[in-house]
Amino acid sequence: MSATVVVGGFFGDEGKGKMISYLALKDKPEIAVRGGVGPNAGHTFVLNGEVHKLRMLPSAILSKDTRLMIGAGVVINPEILLNEIEKYHVQDRFFIDGQCGVIEPAHINRDKGEDLKGRIGTTGSGTGPANSDRALRTLKMAKNVRELSIYIGDVSNAVNFALDRGEKVLVEGTQGTFLSLYHGTYPYVTSKDVTASGICADIGLGPKRVDDVILVFKSYVTRVGAGPLSNELSKEEAQKRGWFEVATVTGRERRSAPFNFELAKKAIMLNSATQLAVTKLDVIFPECAHVKEYDKLSEGAKSFIEQIEKTTNVKVVLIGTGEEVYDIIDRRS
Ligand code: IMP
Ligand code: MG
């Protein structure tokens with residue numbers, strides 16, 4: 001049995017999409033399943049120069065024999081989902097849980113108002129209002145949407161039975177630890193818990209069935225929307241360092257700050273991380289671009305990775321050195 005959960009260690013946009021697409025292509029899990037909030041997330045990865053941006057499907061789509069699923073805890077935007085299914089031709093290997101929630105136009109309108117987009121800086125994708133309706137027990141379920149009927153299944157059964165058979169399951173989280181409704185910087189957070197436990201609950205995976213939790217950190221911290229960000233750089237300084245980014249879903253400017261070791265330690269605790277991934281090492285150490293072997297990293301880059309490992313006591317097993325999926329150092333034994 002082998003279940004690996006991949007979650008974000010800071011405020012989202014750590015590069016989970018790239019890590020998951022790599023793990024899927026390399027390990028060829030029988031199942032890749034997405035938990036998390038919903039289409040507020042944008043997971044990006046690049047293969048052979050082609051940029052893929054996914055808001056609903058698991059980032060494992062390029063592993064052709066992997067069955068793709070979305071867990072019951074996720075809220076679905078049917079239009080975005082159906083477009084992605086068609087674009088990636090995954091019709092015959094994809095299903096969602098019948099109890100996924102459904103985002104309707106009224107949720108999106110509410111999310112774009114002063115109270116949410118204005119005050120919190122939400123993505124305006126309707127996920128928060130949909131989850132509030134779920135708490136009120138008025139949200140529509142995916143099993144009651146006609147256009148989704150051919151994609152409905154029982155995801156918790158599929159995942160747990162696959163583990164019983166000794167198959168590999170790759171679990172994809174969304175957002176990041178400090179956007180968690182419970183453990184993040186409330187009220188500047190998303191509408192659910194997005195730590196590893198929350199992501200597993202979305203899927204129906206009990207805590208004793210998880211083998212590894214890979215926590216993904218970017219080499220620096222970014223945040224979109226309102227809320228605290230310690231040691232935040234000015235936009236000019238971020239641009240000078242090459243850290244300035246624009247958000248996948250909303251096109252908003254991302255705020256940035258240096259790698260935060262205190263947040264990293266707390267995130268490891270909250271997620272019971274067993275392994276770490278560090279992305280965009282080439283952004284802070286340009287000489288490391290496209291490097292695929294640890295020994296070929298510069299001394300500065302190696303000492304940054306060692307500092308993370310020393311401070312946290314967890315091994316950095318995956319290191320991103322460029323935007324392509326295979327720009328990666330894989331130190332898993
Ligand atoms: P919501 O999730 O759209 O309700 O937005 C709440 C907060 O979470 C805002 O600060 C958003 O910018 C942030 N957020 C939500 N999803 C993501 C994501 O996938 N990446 C980064 N930030 C996100
Ligand atoms: Mg993102």
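**Exercise 1. The magnesium site**

Decide whether Gly 42 is buried or exposed, then find the protein donors of the magnesium ion (ligand 2).

*Solution.*
Step 1. Gly 42 has a relative accessible area of 15%. Buried means under 20% relative accessible area, exposed over 50%, and partly exposed in between (1.4 Å probe, protein chains only). Gly 42 is therefore buried.

Step 2. This is a predicted model, in which local features need pLDDT of at least 70, side-chain atom pairs count only at pLDDT 80 or more, and totals for chains, interfaces and linings use all residues. Residues are numbered from 1 along each chain as its sequence is written, chains are lettered from A and ligands numbered from 1 in the order in which they are written, and side-chain values use heavy atoms, with hydrogens and water left out.

Step 3. Donors are N, O and S atoms within 2.8 Å of the metal (3.2 Å for Na, K and Ca); water is not among the atoms, so sites may look incomplete. The protein donors here are Asp 13 (OD) and Gly 42 (O), 2.1 to 2.6 Å from the magnesium ion.

Step 4. Asp 13 sits in the loop between β1 (2-8) and α1 (16-27), and Gly 42 in the loop between β2 (31-34) and β3 (43-47), so the pair ties together parts 29 residues apart in sequence. Helices (H or I, at least four residues) and strands (E, at least two) are DSSP runs, numbered from the N terminus.

Step 5. Asp 13 is partly exposed, at 23% relative accessible area.

**Exercise 2. Strand pairing**

State which strands form the open sheet and in what order.

*Solution.*
Step 1. Two strands pair if DSSP finds at least two bridges between them.

Step 2. Ten strands form the open sheet, in the order β9-β7-β5-β2-β10-β1-β11-β15-β16-β17, with mixed pairing. Its edge strands are β9 (152-153) and β17 (328-330), each pairing on one side only.

Step 3. β1 and β11 (residues 212-218) run parallel, joined by five bridges. Val 7 stands opposite Leu 215 in β11.

Step 4. Now take β3. It pairs with β4 (residues 50-54) in the antiparallel sense over five bridges. Val 46 stands opposite Val 51 in β4. This hairpin has two residues between the strands, and Asn 48 takes a positive phi near 50°.

**Exercise 3. The setting of Thr 122**

Find where Thr 122 lies and what its side chain touches.

*Solution.*
Step 1. Thr 122 is in the loop between α4 (114-118) and α5 (127-135). With 16% relative accessibility, Thr 122 counts as buried.

Step 2. A polar contact is a pair of N or O atoms within 3.5 Å; within protein, one must be able to donate a hydrogen and the other to accept it, and residues adjacent in sequence count only if both atoms are side-chain atoms. The side chains of Thr 122 and Asp 111 make one, at 2.9 Å. A polar atom of the Thr 122 side chain also lies 3.3 Å from the backbone nitrogen of Gly 124.

Step 3. Contact means heavy atoms within 4.5 Å. Neighbours within four places in sequence aside, Thr 122 is in contact with Asp 111, Leu 116, Lys 117 and Arg 252.

Step 4. Move on to α5. Its buried residues are Thr 127, Pro 129, Ala 130, Asn 131 and Asp 133. Their cover includes β6 (75-76), α3 (105-111) and α4.
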